[in-house]
Amino acid sequence: MFLDWLSKKYPNEVLESLSLEVLSERLKKFYQELRKSPTEHYSASAHLSIRAAIDRHLNTLPEFSGISIVRDPLFKIANKSLSAKLKQLKAQGFAKVQHHPSISPEDIQKCYETKVFSDETPISLLRVNWFNISLHFCRRGRENLRSLTPDSFVIKKDANGGEYVEMSISEKTKNHQGGLGDKADESDPKMFSTGMSNCPVKYFKKFLSVLNPNQTALFQKPKRNFLPSDEIWFENSPIGVNKLGDMMKEISLAASLSKVYTNHCVRSTTISALDEAGIPIHRIMQTSGHRSESSVKSYCDRQSLEKYKESSNILAKVGHDSKESTSGAVVGAVNNIENLTQNSQSHNVQNVVANLNHSPTLNVLSRAEFKDCQININITKK
């Protein structure tokens with residue numbers, strides 16, 4: 001992005017030949033003009049991510065090795081300019097952080113129900129494998145997707161004969177750039193066979209078996225005209241970077257999901273699901289590849305839509321008559337009891353209470369105790 005801007009704005013300049021002072025001035029100008037479109041601004045976090053990406057790129061060049069446009073005093077003016085712009089955007093209401101939401105279980109299930117995820121067609125097989133690889137290996141957006149090959153993964157068996165998939169290569173990623181100062185990447189995610197109909201290893205093995213052997217890329221263009229009996233389901237052509245970058249968006253539209261998700265939402269889903277299941281942060285890091293616990297917590301601290309709904313319902317009851325909420329619960333209880341009596345002529349107290357306590361509409365009896373007593377419930381319909 002910065003290189004494109006530089007070549008258009010200053011066509012006679014070459015990045016590698018710029019002095020640090022001139023580079024700082026160019027960055028200052030770039031930050032001021034940076035926009036998504038003439039009428040749309042980037043968020044504050046996007047500005048910082050773009051600056052970090054420029055910093056990483058510059059460190060790959062010998063001319064700027066060891067230089068940090070984020071921390072070095074030489075770039076103080078450029079960073080002050082960026083800071084001033086972010087303050088201005090916030091004052092104008094453009095600085096709201098847009099987090100990548102995790103994908104709801106209902107939407108994932110819908111992908112299978114609508115056959116957007118399946119092994120029946122090339123496009124559905126491609127999509128389900130892209131999703132499973134992104135989910136189980138906690139991949140970041142479009143990072144390195146185009147460079148993956150079938151040899152990037154290996155299928156192994158555990159001591160009990162269960163199959164699992166792991167990566168056979170060590171990738172250069174955002175958190176692990178390589179070099180002397182890079183902390184060792186201890187992440188080692190795996191994708192295990194489940195034995196269920198939607199088993200990710202089953203889909204992966206089917207995917208490998210119908211790929212075009214003349215194409216080295218893992219994600220290949222699906223054949224439009226094919227028969228299920230065909231040995232090859234894909235063209236001798238890789239899917240482009242931009243197409244891969246919009247994969248989750250296409251899946252969302254194809255399955256008519258509740259919202260249009262992005263690729264990075266799959267990574268959010270991985271981390272959020274592991275956190276809600278009680279997996280310790282250090283183990284989540286072994287899947288996500290994060291270098292710090294604080295980065296993982298930024299995902300874990302985000303509430304799901306259901307959590308927001310739960311909080312909203314709690315707040316909605318503040319200041320309302322408790323009798324109102326209790327009466328509603330009792331109505332639900334009566335309906336529940338009526339259902340019980342219709343299914344059987346006799347229920348012991350323990351069974352009735354157990355069913356009531358599992359009712360989503362009743363929490364009244366959660367602390368009640370029954371000892372040596374007989375309860376008769378007469379229900380009259382009006």
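The legends below describe close-up views of a predicted model. Residues are numbered from 1 along each chain as its sequence is written, and side-chain values use heavy atoms, with hydrogens and water left out. Because the model is predicted, local features need pLDDT of at least 70 and side-chain atom pairs count only at pLDDT 80 or more, whereas totals for chains, interfaces and linings use all residues.

**View 1. Helices H1 and H2 cross at roughly 100°.** Helices (H or I, at least four residues) and strands (E, at least two) are DSSP runs, numbered from the N terminus. The axes of H1 and H2 come within 11 Å, where axes are lines fitted to C-alpha atoms, for helices over the stretch in contact, and angles run from 0 to 180 degrees between N-to-C directions. That crossing makes H1 roughly perpendicular to H2, on a scale in which angles under 35 degrees count as roughly parallel, over 145 as roughly antiparallel, 65 to 115 as roughly perpendicular and the rest as oblique. Phe2, Trp5, Leu6 and Lys9 on the H1 side meet Leu23, Arg26, Leu27, Lys29, Phe30 and Glu33 on the H2 side, contact meaning heavy atoms within 4.5 Å. Sorted by class, the contact of H1 with H2 has 6 nonpolar, no polar and 4 charged residues; Ala, Val, Leu, Ile, Met, Phe, Trp, Tyr, Cys and Pro count as nonpolar, Asp, Glu, Lys and Arg as charged, and the others, Gly among them, as polar.

**View 2. Aromatic pairs, including Trp5 with Phe30.** The structure holds 13 aromatic pairs, a pair being rings of Phe, Tyr and Trp (its six-membered ring) whose centres lie within 6.5 Å, with planes under 30 degrees apart counted as stacked, over 60 as edge-to-face and the rest as tilted. The ring centres of Trp5 and Phe30 are 5.5 Å apart and the planes stand at 65°, so this pair is edge-to-face. The pair links distant parts of the chain, since Trp5 belongs to helix H1 (residues 2-9) and Phe30 to helix H2 (residues 20-33), 25 residues apart. Trp5 is buried, with a relative accessible area of 14%, and Phe30 is buried as well, with a relative accessible area of 2%; buried means under 20% relative accessible area, exposed over 50%, and partly exposed in between (1.4 Å probe, protein chains only). Phe226 and Trp233 form a tilted pair, 5.1 Å centre to centre with 55° between the planes, and Trp233 is buried at a relative accessible area of 2%. Ring pairs also link Phe2, Trp5, Tyr10, Phe30 and Tyr31 into a cluster.

**View 3. Helices H2 and H4 cross at roughly 10°.** The axes of H2 and helix H4 (residues 76-91) come within 8 Å, and the two helices are therefore roughly parallel to each other. From H2, Ser24, Leu27, Lys28, Tyr31, Gln32 and Glu33 meet Ile77, Ala78, Asn79, Ser81, Leu82 and Lys85 of H4. By class, the contact of H2 with H4 has 5 nonpolar, 4 polar and 3 charged residues. Ser81, placed in helix H4, counts as buried at 10% relative accessibility and touches Lys28 and Gln32, not counting residues up to four places away in sequence.

**View 4. Helices H6 and H7, with Lys206 in helix H7.** The axes of helix H6 (residues 122-136) and helix H7 (residues 200-209) come within 10 Å and cross at roughly 130°, which makes H6 oblique to H7. Leu125, Leu126, Val128, Asn129, Asn132, Ile133 and His136 of H6 make the contact with Pro200, Tyr203, Phe204, Lys206 and Phe207 of H7. By class, the contact of H6 with H7 has 8 nonpolar, 3 polar and 1 charged residues. Lys206 is partly exposed, with a relative accessible area of 27%, and, leaving aside its neighbours within four places in sequence, Lys206 is in contact with Asp119, Leu125 and Trp233. Lys206 and Asp119 are 87 residues apart in sequence but 7.5 Å apart in space, C-alpha to C-alpha.

**View 5. Lys115 and Cys138, two residues with positive phi.** Most residues other than glycine have a negative phi. Lys115, in the loop between helix H5 (105-113) and H6, has a phi near 65° and is partly exposed, with a relative accessible area of 44%. Cys138, in the loop between H6 and strand E1 (153-157), has a positive phi of about 50° although it is not a glycine, and Cys138 is buried, with a relative accessible area of 3%.
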